[in-house]
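Got your viewer ready? Let's take a walk through this protein, one selection at a time.

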Amino acid sequence: MGLFNKLFSSSPEEKETDVLPWIPLTELGQLQDIENKSVTKTQVIFKHSTRCGISRMVIKQFEADYNETENDLDLYYLDILSYREISNNIASAFQVMHESPQLLVIKNGVVMAHDSHGGINSLDLSTFI
């Protein structure tokens with residue numbers, strides 16, 4: 001049973017994962033800060049639906065593949081269910097139609113790239129640093 005339990009059950013000894021330097025996006029004023037900071041450092045917004053299985057799968061893959069550092073870019077996390085107004089403002093401020101999950105790469109005040117669903121993990125963030 002020991003092998004069976006290791007394969008099919010969770011335990012307190014689960015594989016440790018790197019914690020990304022997420023900045024919670026919880027206030028509308030942060031959007032102006034993101035735009036301003038994008039002049040000197042690339043800003044990334046990950047819009048995530050906490051109730052969507054696809055969004056959960058995409059963010060897990062994104063976290064597993066993420067290779068940048070805090071010096072390279074700022075990484076914002078938006079829970080779109082809790083902060084729908086911010087999500088709507090992102091769409092209008094940066095002229096990008098809302099999707100979820102969605103990733104936006106902002107540099108010099110404009111969206112340099114964006115994608116949703118499986119396309120998120122195809123974006124090479126290192127090209128925007």
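Before we start, a word on the vocabulary: helices and strands here are DSSP runs, at least four residues long for a helix and at least two for a strand, and they are numbered from the N terminus. With that in hand, you can find Val96, our later stop: it sits in the loop between helix H4 (84-93) and S4. Keep in mind that you are looking at a predicted model.

**The whole chain.** Start with everything in cartoon view. You should find four helices and five strands. Follow the chain from the N terminus and the elements go α-β-α-β-α-β-α-β-β. Of the 129 residues in the protein, 36% are buried. Now think about contacts with a separation of 6 or more: 65% of them are between residues 24 or more positions apart.

**The sheet.** Next, select the strands. They make an open sheet of five, in the order S1-S3-S2-S4-S5, and the pairing is mixed. At the edges you have strand S1 (22-24) and strand S5 (110-116), each of which pairs on one side only. On average, neighbouring strands of this sheet are turned by 25 degrees against each other, direction ignored. As a general point, strands of a sheet pair through backbone hydrogen bonds, either parallel or antiparallel.

Zoom in on S1 and strand S3 (residues 73-79): these two pair in the parallel sense, over three bridges. To see one end of a bridge, pick Pro24; its partner in S3 is Tyr77.

**A helix across the strands.** Now add helix H3 (residues 53-65). H3 lies across S1, strand S2 (42-48), S3 and strand S4 (102-107), and runs at about 145 degrees to S2.

**Val96.** Time to select Val96 and show its side chain. Is Val96 buried or exposed? Val96 counts as buried because its relative accessible area is 6%, and the cut-off for buried is under 20%. Which residues does Val96 touch, leaving aside its neighbours within four places in sequence? The contacts are Ala91, Gln102, Leu104, Val111 and His114. Try a distance label on that last partner: the C-alpha atoms of Val96 and His114 are separated by 8.1 Å, and the two residues are 18 apart along the chain.

**A pocket to finish.** Last stop: select Phe62, Asp65, Tyr66, Asn67, Glu68, Ile120, Asn121, Leu123, Asp124, Leu125 and Ser126, and you have the lining of the second largest pocket. Its volume is about 170 Å³. Colour that lining by residue type and you'll get five nonpolar, three polar and three charged residues.

Notes. Residues numbered from 1 in each chain as written. Predicted model: local features only at pLDDT ≥ 70, side-chain atom pairs only at ≥ 80, totals over all residues. Heavy atoms only, no water. 1 Å grid on protein atoms, 1.4 Å probe; cavity = no way out; pocket = protein on both sides within 12 Å on 5 of 7 lines; lining within 4 Å. Points joined across faces, edges and corners; volume = space filled by probe spheres on them. Nonpolar A, V, L, I, M, F, W, Y, C, P; charged D, E, K, R; others polar. Pairing = 2+ DSSP bridges. Axes fitted to C-alpha atoms, helices over the stretch in contact; angles between N-to-C directions. Contact = heavy atoms within 4.5 Å. Buried < 20%, exposed > 50% of the residue type's maximum accessible area, 1.4 Å probe, protein only.
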